[in-house]
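User: Hi! I'm new to reading protein structures, and I'd love to go through this one step by step. Could you help me work out what the picture shows?

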Amino acid sequence: MFYIYILYSESAGIYYIGHTDDPERRLFEHNNSPKKTFTSKFRPWNLVSKHPISEKRSDAIKIERYLKNRKSKELLNRLIENQSNGYYINLLFKKILLKRKK
């Protein structure tokens, strides 16, 4: 299963969105990788939300790109606040995937 995950850096006040098949492993990598990356500048990161998407990586990539292109903290806050509302999240992600197929 592939997930969309949202990280938050309290020190910088910013979010980071990614996709993976193991959100906890990715959180560890973002916080501990010796490589100089975007996320290494804003450590520590907290995993604030994760959402199962699909068995297909391509679906997770489409949703990740959509969310990154929107650049909307309001949308990310809604995802975080509604993470336990599977109905809302599934509707939103299905709508994004339908838009991306056109």
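User: Is Arg 25 buried, partly exposed or exposed?

Analyst: Happy to help, and keep in mind that this is a predicted model. Buried means under 20% relative accessible area and exposed means over 50%. Arg 25 comes out at 35%, so this residue counts as partly exposed.

User: Which residue forms a salt bridge with Arg 25, with the closest N and O atoms 3.1 Å apart?

Analyst: A salt bridge needs a side-chain nitrogen of Lys or Arg within 4 Å of a carboxyl oxygen of Asp or Glu. The closest N and O atoms of this pair are 3.1 Å apart, and the partner is partly exposed at 43% relative accessibility. That partner of Arg 25 is Asp 21.

User: Where do Glu 29 and Arg 25 both lie?

Analyst: The side chains of Glu 29 and Arg 25 also meet in a salt bridge, at 3.0 Å from N to O. The two residues are 4 places apart, about one turn of the helix. Both lie in helix α1.

User: Which residues do salt bridges with shared partners join into one network?

Analyst: Arg 25 pairs with Asp 21, and Arg 25 also pairs with Glu 29. Salt bridges that share partners in this way build one network. Its members are Asp 21, Asp 22, Arg 25, Arg 26 and Glu 29.

User: How many residues apart in sequence are the parts tied together by Glu 24 and Lys 50?

Analyst: Glu 24 and Lys 50 form a salt bridge, with their closest N and O atoms 2.6 Å apart. Glu 24 lies in helix α1 and Lys 50 in strand β3, so the pair ties together parts of the chain that are distant by 26 residues in sequence.

User: Is Thr 20 buried or exposed?

Analyst: Thr 20 lies in strand β2, which covers residues 14-20. Its side chain makes a polar contact with the side chain of Arg 25 at 3.3 Å. Leaving aside neighbours within four places in sequence, Thr 20 is in contact with residues including Met 1, Phe 2 and Tyr 3. With a relative accessible area of 3%, Thr 20 is buried.

User: Which backbone oxygen does the side chain of Asn 32 reach?

Analyst: Asn 32 is found in helix α1, residues 23-32. Asn 32 is partly exposed, with a relative accessible area of 46%. Its side chain reaches a backbone oxygen at 2.8 Å, and that oxygen belongs to Phe 28.

User: In what order do the strands form the sheet?

Analyst: Strands of a sheet pair through backbone hydrogen bonds, either parallel or antiparallel. Here 7 bridges join β1 to β2, and β1 pairs with β3 over 7 bridges. The 3 strands make an open, antiparallel sheet in the order β2-β1-β3.

User: Which strands are the edge strands?

Analyst: An edge strand here pairs on one side only. The order of the open sheet is β2-β1-β3. The edge strands are therefore β2 and β3.

User: What is the bridge partner of Leu 7 in β2?

Analyst: β1 and β2 run antiparallel and are joined by 7 bridges. In their hairpin, 4 residues sit between the strands, and Gly 13 takes a positive phi near 70°. In β2, the bridge partner of Leu 7 is Tyr 16.

User: How many of the 8 residues of β1 are buried?

Analyst: β1 spans residues 2-9, and helix α3 lies across β1, β2 and β3. β1 is largely enclosed by the rest of the structure, because the number of its residues that are buried is 6.

User: Which helix gives the most to the largest nonpolar core?

Analyst: The largest nonpolar core has 18 residues, and Ile 4, Ile 63, Leu 67, Leu 79 and Phe 93 have the most contacts inside it. β1, α2, α3 and α4 each supply at least two of its residues. With 5 residues, the element that gives the most is α4.

User: How many residues does the second, separate core have?

Analyst: This second core stands separate, and Tyr 5, Leu 7, Tyr 16 and Trp 45 are among its residues. Its size is 5 residues.

Technical notes: Residues numbered from 1 in each chain as written. Predicted model: local features only at pLDDT ≥ 70, side-chain atom pairs only at ≥ 80, totals over all residues. Heavy atoms only, no water. Buried < 20%, exposed > 50% of the residue type's maximum accessible area, 1.4 Å probe, protein only. Polar contact = N/O pair within 3.5 Å; in protein donor to acceptor, adjacent residues only side chain to side chain. Contact = heavy atoms within 4.5 Å. Pairing = 2+ DSSP bridges. Axes fitted to C-alpha atoms, helices over the stretch in contact; angles between N-to-C directions. Core = buried A, V, L, I, M, F, W, Y, C linked by side-chain atoms within 4.5 Å.
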